[in-house]
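Please look over the structure below with an eye to the empty spaces inside a protein and to what may fill them. The report then takes up the ligand, the cavity and the pocket in turn.

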Amino acid sequence: MNRQAIDALLNKINDSATSEGNPRTKEIVNRIVRDLFCTIEELDVQPDEFWTALNYLGDAGKSGELGLLAAGLGFEHFLDLRLDEAEAKAGIEGGTPRTIEGPLYVTGAPVSDGHARLDDGTDPGQTLVMRGRVVGEDGKPLANALVEVWHANHLGNYSYFDKSQPAFNLRRSIRTDASGNYSFRSVVPVGYSVPPQGQTQLLLDQLGRHGHRPAHIHFFVSAPGFRKLTTQINIDGDPYLWDDFAFATRDGLVPAVKQAEGAQGKPYGVEGNFALIDFDFTLFKERDNLPGAEVERLRAEA
Ligand code: DHB
Ligand code: FE
């Protein structure tokens, strides 16, 4: 089919509109349909291939894996890179890099002042203490900033999605103290893998790719008047550290994991050996003429 015939069909479709609709939606959908028509034409996509793809997306939706697909196909990282670019143009550079939220955040975690324990004492992983400050771009500490933290357990599973874990296990929100300090006690997570029998893995197999993420800890860091930071830190030494299926590892997000013991654990109620991570978060002031850093998306709520 030649280009003109494709364009004629696209025009016919566009001309079938009888009301204004939503101009932004129209522009985006028309463009995607056009790009897909061209893909089908150029790659000679056969009807059974088309229906396989459509059914695949339906199945991925039904099993709640579209968020995983967005991460695994690189869309979520791509959106990060575009936000980075918009910020760089507005003079925002440096600070704590952003990286993907992923599909496993749950709204409503318990809030603590200054310090929280995330685990319930049953996870066999090594005890972890992570601590630091939330500061503005001028380096001044931000009191009362909110550090929302969530991570997987020793099997790479997240509470809420893994019903065998207690509610909000390894999920908390921590308010920084008057000096901008936060700290939490938890266990060192291990890497996450997409469900091996799921739709995401099915596609990854076709692409010759794996579905593993290095061990990581997620954060939202926010304070009034500042751009919300969505980020993660990775656990150094993980075999997938720079081979993340979601492309979320970034320079600046791999802090040293120190081995600590004895009196160092006292302030956190920890006895014996534990892993210690020091990490500060830098927030940038909200500015006009920049896309918001607060992203609207459907999130689980418990
Ligand atoms: C996915 C899982 C994660 O834990 C994460 O941080 C990002 C993405 C996923 O399954 O796509
Ligand atoms: Fe994750």
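What follows describes a predicted model, beginning with the ligand and the space that holds it.

## The ligand and its shell

Ligand 1 is surrounded by 13 residues, and those that come closest are Leu-68, Tyr-158, Tyr-192, Arg-213 and His-218. Sorted by class, this shell is made up of eight nonpolar residues, four polar residues and one charged residue. Two elements, α4 (66–72) and β8 (216–222), each contribute at least two residues to the shell around ligand 1.

Three polar contacts to oxygen atoms of ligand 1 are set out in the table.

| Residue | Part of the residue | Distance to an oxygen atom of ligand 1 |
|---|---|---|
| Leu-68 | backbone N or O atom | 3.5 Å |
| His-216 | polar side-chain atom | 3.0 Å |
| His-218 | side-chain N or O atom | 2.8 Å |

Taken alone, ligand 1 would expose 290 Å², and the protein buries 100% of that area.

## The cavity

How can such spaces be found at all? Rolling a probe the size of a water molecule over the atoms shows where empty space is left.

Where does ligand 1 sit? Ligand 1 lies in the largest cavity, and the count of cavities of 30 Å³ or more comes to one. The volume of the largest cavity is about 110 Å³, and its lining consists of 13 residues, with Gly-102, Pro-103, Leu-104, Tyr-192 and Arg-213 lying nearest its centre. The elements that give two or more residues to this lining are α4 and β8, and these two elements also each supply at least two residues of the shell around ligand 1. By class, the lining of the largest cavity contains nine nonpolar, three polar and one charged residues.

## The pocket

The model also has pockets to consider, and the largest pocket has a volume of about 790 Å³. Its lining is formed by 17 residues, and the ones closest to the centre of the largest pocket are Glu-49, Phe-50, Ala-53, Leu-54 and Leu-57. Two or more residues of this lining come from each of α2 (23–42), α3 (47–62) and α6 (199–207).

Which element gives the largest share of the lining of the largest pocket? That element is α3, which provides seven residues. When the lining of the largest pocket is divided by class, there are 12 nonpolar, three polar and two charged residues.

Definitions and conventions
Residues numbered from 1 in each chain as written. Chains lettered and ligands numbered in written order. Predicted model: local features only at pLDDT ≥ 70, side-chain atom pairs only at ≥ 80, totals over all residues. Heavy atoms only, no water. Near = heavy atom within 4 Å. Polar contact = N/O pair within 3.5 Å; in protein donor to acceptor, adjacent residues only side chain to side chain. Areas by Shrake-Rupley, 256 points an atom, 1.4 Å probe, with all protein chains shown as cover. 1 Å grid on protein atoms, 1.4 Å probe; cavity = no way out; pocket = protein on both sides within 12 Å on 5 of 7 lines; lining within 4 Å. Sits in = over half its atoms within 2 Å of the grid points. Helix = DSSP H or I, 4+ residues; strand = E, 2+ residues; numbered from the N terminus. Nonpolar A, V, L, I, M, F, W, Y, C, P; charged D, E, K, R; others polar. Points joined across faces, edges and corners; volume = space filled by probe spheres on them.
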